[in-house]
Amino acid sequence: GDYPLEFHKKLGELGLFAMDVPEEYGGLGLDAVTTCLIREAIGYVDAGFASSFAASTFGIKPVLLAGTEEQKKAYGARLAEGQISAMCLTEPQSGSDMGNTKCRAVKDGDEYVLNGTKCFITNGALADIYTVVASTDPSKGVKGLTMFMVDRNTPGLSVGKHEDKMGIRLSNTADVIFEDVRIPKANRIGSEGSGFKIAMETLNQGRAGTCSSAVGIARAAFEYAVKYSQERVTFGKPICSNQAIQFMLADMGMKIEASRQLGFHVADLIDHGKMAEVSKLASMAKCFSTDMLQSVTSDAVQIFGGYGYMRDYPVEKLMRDAKIYQIFEGTNQIQRMVIAGALLKEHRVKKGMR
């Protein structure tokens, strides 16, 4: 249930802190496809660690999208040195419904005063830097949201409840509380009212990595299932000789490979700056790969039979880890709404035509 910081530091020794942050801002500047390969490899080992490690630099994405040069250099250098970030979007009453954000930032001279509570925050108790979306004008809904960078040692910032989760237990998840937290105007990312747009663009760019992490977890479940099917003997033969098991393994393999290629396609679009094409396909990649992950891990448990349900074997853990991927970073129901909206817009029937 604790994030292993010693392994986090070891990945830093390999040069993987801020791996996708441009070199001019202190990172490695790896392309999105390479980053996906690394995220798959980490996900293959542990889903919770993969989630927290990915989130540790996710907080700089909004800065890279809309921040000033000073912000990019300052925060990029801090993350490259090993400091951890946390993205603070979700609140008790508003997950997908960001227009219902209650966290409020009120301008006071050259500062903003921030009040509110964020929940389910990955790295909430570990972060050195928090990227926070707050409402600067509640009357405008999502158009009144603004994004800020907040340092951990700022007076009034505290960590609340630590969540006891079903899966991804190595990932730290906690409430973050802001009580009269004063933020310099220089810590605002972009203009007032641009927070929702920045957050959506950030999530779009992150979904290729989420897809790759899901592929890594699914690959682990698949390989456990293949190995077990060759070792488990019933009625005098390995269960992998049964067509029913072979078909399950074939479906698992196809789904994993399709998810991998969809994630790579989105990453390649990002690498080539084709951002207009990313939104729909990123939602497709996230939705398809995480549904795949739930299916593959469930089938792995089925292949193990009764043993798959027991904690003596690894696949029940992978099945527990898998579920959250259909929920976080935009539920798969929300992804389907985004996809359907984009498809209907693309294939809109012109008036007067059949």
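**Salt bridges, strands and rings in a predicted model**

Glu-231 is partly exposed, because its relative accessible area is 48%. I begin with this residue, and I should say at once that the model before you is predicted.

The side chain of Glu-231 meets that of Lys-227 in a salt bridge, with 2.7 Å from N to O. Lys-227, for its part, has a relative accessible area of 49% and is therefore partly exposed. Both residues belong to helix 6, where four residues, or about one turn of the helix, separate them. Elsewhere, salt bridges with shared partners connect Glu-40, Arg-219, Glu-223, Glu-257 and Arg-260 in a single network.

How many salt bridges does the structure hold? The count is 21. Allow me to take one from the network just mentioned. Glu-40 and Arg-260 form a salt bridge in which the closest N and O atoms are 2.8 Å apart. Because Arg-260 sits in helix 7, residues 243-271, and Glu-40 in helix 2, residues 32-45, the pair ties together parts that are 220 residues apart in sequence. Are these two partners buried or exposed? Arg-260 has a relative accessibility of 16% and so counts as buried. Glu-40, at 6%, counts as buried as well.

A further salt bridge joins Asp-46 to Lys-317, and here the closest N and O atoms lie 3.0 Å apart. This pair, too, links distant parts of the chain: Asp-46 is in the loop between helix 2 and helix 3, while Lys-317 is in helix 9, 271 residues apart. Asp-46 is classed as buried because its relative accessibility is 12%, below the 20% limit. Lys-317, with a relative accessible area of 29%, is partly exposed.

Lys-317 brings us to helix 9 itself, which spans residues 315-323. Which of its residues are buried? They are Val-315, Glu-316, Leu-318, Arg-320, Asp-321 and Ala-322. Against what do they pack? The buried residues of helix 9 are packed against helix 3 (47-58), helix 6 (195-231) and helix 8 (278-304). Helix 6 is thus a partner of helix 9, and helix 6 also carries the pair of Lys-227 and Glu-231 with which I opened.

I turn now to the aromatic residues. Across the whole structure, a search finds eight aromatic pairs. One of them is formed by Tyr-307 and Tyr-313; the pair is tilted, with 5.4 Å from centre to centre and 50° between the planes. Tyr-307 counts as partly exposed because its relative accessibility is 40%. Tyr-313 is likewise partly exposed, at 28%. Both tyrosines belong to a cluster that ring pairs build from Tyr-228, Phe-304, Tyr-307 and Tyr-313.

Next, the strands. Strand 7, residues 173-184, runs antiparallel to strand 3, residues 111-122, and nine bridges join the two. What is the bridge partner of Glu-111 in strand 7? It is Pro-184. Strand 7 is also joined to strand 6, residues 157-162, by four bridges, again in an antiparallel arrangement. In that pairing, Leu-157 stands opposite Phe-178 of strand 7.

Strand 3 contains a residue of interest for its backbone, Phe-120. Most residues other than glycine have a negative phi. Phe-120, however, has a positive phi of about 55°, although it is not a glycine. Its relative accessible area is 53%, and Phe-120 is therefore exposed. Phe-235 also has a positive phi, of about 50°, and is not a glycine either. Where is Phe-235 placed? Phe-235 is in the loop between strand 9 (233-234) and strand 10 (237-238). At 85% relative accessibility, which is over 50%, Phe-235 counts as exposed.

My final residue is Ser-94, in the loop between strand 1 (85-88) and strand 2 (104-108). Although Ser-94 is placed in a loop, it counts as buried because its relative accessibility is 1%. The side chain of Ser-94 makes a polar contact, at 3.4 Å, with the side chain of Gln-93. Beyond its neighbours within four places in sequence, Ser-94 is in contact with Leu-89, Asn-100 and Thr-101.

Definitions and conventions. Residues are numbered from 1 along each chain as its sequence is written. This is a predicted model: local features need pLDDT of at least 70, side-chain atom pairs count only at pLDDT 80 or more; totals for chains, interfaces and linings use all residues. Side-chain values use heavy atoms; hydrogens and water are left out. Buried means under 20% relative accessible area, exposed over 50%, partly exposed in between (1.4 Å probe, protein chains only). Contact means heavy atoms within 4.5 Å. A polar contact is a pair of N or O atoms within 3.5 Å; within protein, one must be able to donate a hydrogen and the other to accept it, and residues adjacent in sequence count only if both atoms are side-chain atoms. Two strands pair if DSSP finds at least two bridges between them. Rings of Phe, Tyr and Trp (its six-membered ring) pair if their centres lie within 6.5 Å; planes under 30 degrees apart count as stacked, over 60 as edge-to-face and the rest as tilted. A salt bridge is a side-chain nitrogen of Lys or Arg within 4 Å of a carboxyl oxygen of Asp or Glu.
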